[in-house]
Amino acid sequence: RDAPSVIALGQLQASTGRVVRVGGLVARVIVSEAPGAGPTVVLQDGSDTAHVWLPVNAAAIAEALAPGDLVEAIGSVEPLDDGHEVFSAGSLPRVRN
């Protein structure tokens, strides 16, 4: 199996359907009130902004993140009406503050 491509957030549209690795600064964390929905981390990398959806079991990791934290995520790129998002397959490791 091939390793995920490392891309900038601005390249997500051209990467629909692929598994990619992205990184950026946390802009904000959105905690969903919907049952069974995981948190969303909004990332910015200077080229664009993207929403990274995390599984429910990653809620504790997302809650520990703060704006300005540098993180990376691996996930599949899926289209939305207003842009593209990365649906993360796992957790979001903090790289450094």
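The term pLDDT is the predictor's confidence in each residue, on a scale from 0 to 100. This structure is a predicted model. In the chain, confidence is highest in strand β2 (residues 19-30), at 93, and lowest in strand β7 (residues 94-96), at a mean of 59. The chain as a whole averages a pLDDT of 86, and 91% of the residues score at least 70.

**Strands β2, β3 and β4**

Strand β3 (residues 40-44) pairs with β4 in the antiparallel sense, and β2 and β3 pair in the antiparallel sense as well. On the β2 side, valine 26 stands opposite leucine 43 of β3. On the β4 side, leucine 43 stands opposite alanine 50, and valine 42 stands opposite histidine 51. Four of the five residues of β3 are buried, so β3 is largely enclosed by the rest of the structure.

β3 and β4 form a hairpin, with four residues between the two strands. Glycine 46, in the turn, has a positive phi of about 95°.

Strand β4 (residues 49-53) has side chains that alternate. Ala50 and Val52 point to one face and are buried, whereas Thr49, His51 and Trp53 point to the other face and are not buried. Such alternation between the two faces of the sheet is what a regular strand shows.

β4 also pairs with strand β6 (residues 83-88), and these two run parallel. Tryptophan 53 has phenylalanine 87 as its bridge partner in β6. The strand pairings are listed below.

| Strand pair | Sense | Bridges |
|---|---|---|
| β2 and β3 | antiparallel | five bridges |
| β3 and β4 | antiparallel | five bridges |
| β4 and β6 | parallel | two bridges |

**The largest pocket**

The largest pocket holds about 190 Å³ of space. The elements that give two or more residues to its lining are β4 and β6. The lining comprises 14 residues, and those nearest the centre of the pocket are Asp48, Thr49, Asp82, Gly83 and His84. Sorted by class, the lining of this pocket has seven polar, four nonpolar and three charged residues. Thr49 belongs to the face of β4 whose side chains are not buried.

**Two single residues**

Aspartate 69 lies in the loop between α1 (59-64) and β5 (70-80). With a relative accessible area of 4%, aspartate 69 is buried, because buried means under 20%. The side chain of aspartate 69 reaches the backbone nitrogen of alanine 66 at 2.9 Å.

Leucine 25 has its place in strand β2. Is leucine 25 buried, exposed or partly exposed? At 41% relative accessibility, leucine 25 counts as partly exposed, because that class lies between the limits of 20% and 50%. Leucine 25 and leucine 12 are 13 residues apart along the chain, and their C-alpha atoms are separated by 16 Å.

Notes: Residues numbered from 1 in each chain as written. Predicted model: local features only at pLDDT ≥ 70, side-chain atom pairs only at ≥ 80, totals over all residues. Heavy atoms only, no water. Buried < 20%, exposed > 50% of the residue type's maximum accessible area, 1.4 Å probe, protein only. Pairing = 2+ DSSP bridges. 1 Å grid on protein atoms, 1.4 Å probe; cavity = no way out; pocket = protein on both sides within 12 Å on 5 of 7 lines; lining within 4 Å. Points joined across faces, edges and corners; volume = space filled by probe spheres on them. Nonpolar A, V, L, I, M, F, W, Y, C, P; charged D, E, K, R; others polar. Polar contact = N/O pair within 3.5 Å; in protein donor to acceptor, adjacent residues only side chain to side chain.
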